[in-house]
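Please look through the sequence and the structure below before reading on. The report that follows takes up one helix, then one pair of strands, and ends with how far the model can be trusted.

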Amino acid sequence: MTREMKIIVGVLAASAAAYVAVAMCFRTRFMPNSTLNGMNVSLKSTAEVEQMMRSDASGYRLTITGRDGVTDSISAEDVSLEPVFDGSVEKQIRRQEIFLWPLSFLIASKRTASSAVNFSVEKLKAKVDALAFFDASNVEQPKDAYVDFQDGKFTIVPDTAGSSADRDKVCKAVEDALMGFATDLSLDDAGCYETAKVRADDPELAKEADELNRIATASLTFKFGDSSEVLDAGTFRDWITMENGSIVVDDEKVRDYVTGLADKYDTYGKDRSFKTHGGNTVTVPGGSYGWWMDVDSTTAAVVEAIGKGDAVEMEPVWFQEAAAFGESDIGNSYVEVDLDDQHVWVYRDGEEVVSTDCVSGKAVMDHITPDGTYPITFRQKDATLVGEDYSSKVAYWMPFNRNVGMHDASWRSSFGGKIYVNSGSHG
């Protein structure tokens with residue numbers, strides 16, 4: 001071997017030794033251009049990196065973002081947080097391909113080491129409870145989607161998310177963030193908020209809206225002479241609900257409505273303003289005549305009609321009907337009895353057809369003919385009127401208030417005047 005060759009071999013040997021020496025150095029340190037968990041650890045030893053991690057941990061703060069712009073944070077000091085080293089840093093150093101170290105100047109090496117932390121669970125729970133997200137002023141409960149009547153039809157009102165966080169979920173999310181030394185946490189992204197139980201896309205809700213809209217076509221028109229009352233979805237929208245997939249109509253609310261109609265249009269037993277034969281207007285008290293609605297039966301009929309979605313003209317069910325609606329429900333065919341003048345007039349279709357004197361009940365207790373407006377109960381020919389001390393045959397008998405009625409009296413020779421005072425009838 002020549003001298004020149006020996007020199008070359010010597011140089012190569014020295015270079016190899018130097019290369020090995022540098023490479024062996026990187027068994028205890030990170031190579032250049034290295035990061036660990038985002039920290040620059042170039043040429044750092046295990047001890048140096050762990051000290052860096054301790055320093056970072058002492059100043060650590062987790063920023064938490066919630067809904068409606070509410071934020072809060074948790075610091076390492078708040079929960080007595082400190083790192084725990086389990087040899088993972090050293091393992092990352094040992095995993096380096098040390099003979100490729102010259103390339104580290106050109107290619108960055110990004111490494112991740114599992115990091116463990118210790119913190120006080122009790123302090124963590126206390127800190128979570130004190131977070132701004134649980135302040136009553138920042139909490140709005142989620143609201144379920146529901147069906148409501150708007151702009152003439154039933155529509156689905158979407159659910160609202162609210163801002164009510166679940167403490168247990170928040171605590172778990174914060175704990176996971178601390179374990180990973182995360183600096184930011186979104187409670188929304190972590191699924192920490194309570195949600196509505198009924199969502200707008202619930203198929204049952206869509207079915208309810210469709211069925212209610214079918215019922216909403218119902219329109220019931222009640223005619224009371226020249227007056228009308230229309231019952232449609234604008235009124236009964238709050239009376240109908242869905243239960244177990246079926247429409248339910250609130251009987252009591254329907255009854256309240258029907259009762260209101262009865263209060264408005266019933267005339268049974270009420271005082272009346274009446275224009276007499278003589279042209280005077282008088283008030284006739286009470287009696288048993290007039291419109292008298294059967295509230296129970298009418299309620300049942302209305303409930304059924306709404307349930308079918310009918311659009312019809314509807315007649316209430318009446319216990320008793322009168323001749324007409326309006327201010328004068330007696331119509332223009334009636335009998336007028338003037339107890340003061342002891343006279344009777346009969347009108348048919350507005351024309352006077354009979355005018356005659358009469359004798360009313362004797363002016364003593366239990367015989368006085370009662371004031372009021374009454375319907376004729378029935379008409380009978382050849383009847384016998386029977387009382388405690390009498391039995392009288394009559395050709396015509398028309399009772400209007402139990403045993404009080406109109407009849408002929410062949411046994412009398414005169415009528416009118418003051419006969420009734422001492423010699424009146426039994427009523």
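In this predicted model, the buried residues of helix α6 are Val170, Cys171, Ala173, Val174, Ala177 and Leu178. Around the helix axis they cover an arc of only 165 degrees, which means that they lie on the same side of α6. An α-helix has 3.6 residues a turn, so residues three or four places apart point the same way. Helix α6 itself runs over residues 167–179, and its 13 residues reach 18 Å from the first C-alpha to the last, which is close to the 18 Å expected at 1.5 Å a residue. At the start of α6, the backbone nitrogen of Asp168 has a side-chain oxygen of Asp166 within 2.9 Å, while just after the helix Phe181 takes a positive phi of about 50 degrees.

A positive phi also appears in the hairpin of strands β13 and β14, where two residues lie between the strands and Asn244 has a phi near 55 degrees. Strand β13 (residues 240–243) and strand β14 (residues 246–249) run antiparallel and are joined by four bridges, and within this pairing Thr241 stands opposite Val248 of β14.

The confidence of the prediction varies along the chain. The mean pLDDT of the protein is 86, with 83% of its residues at 70 or more. Among the elements, helix α1 (residues 3–25) has the lowest mean pLDDT, 48, and strand β17 (residues 292–293) the highest, 98. Two stretches with pLDDT below 50 are listed here with their contacts beyond near neighbours in sequence.

| Stretch | pLDDT | Contacts beyond near neighbours in sequence |
|---|---|---|
| Residues 5–14 | below 50 | one contact |
| Residues 16–23 | below 50 | eight contacts |

Where pLDDT is low, the predicted coordinates should not be read in detail.

Conventions: Residues numbered from 1 in each chain as written. Predicted model: local features only at pLDDT ≥ 70, side-chain atom pairs only at ≥ 80, totals over all residues. Heavy atoms only, no water. Pairing = 2+ DSSP bridges. Expected span 1.5 Å × (residues − 1). Buried < 20%, exposed > 50% of the residue type's maximum accessible area, 1.4 Å probe, protein only. Arc of directions from axis to C-beta. Polar contact = N/O pair within 3.5 Å; in protein donor to acceptor, adjacent residues only side chain to side chain. pLDDT = per-residue confidence, 0-100. Contact = heavy atoms within 4.5 Å.
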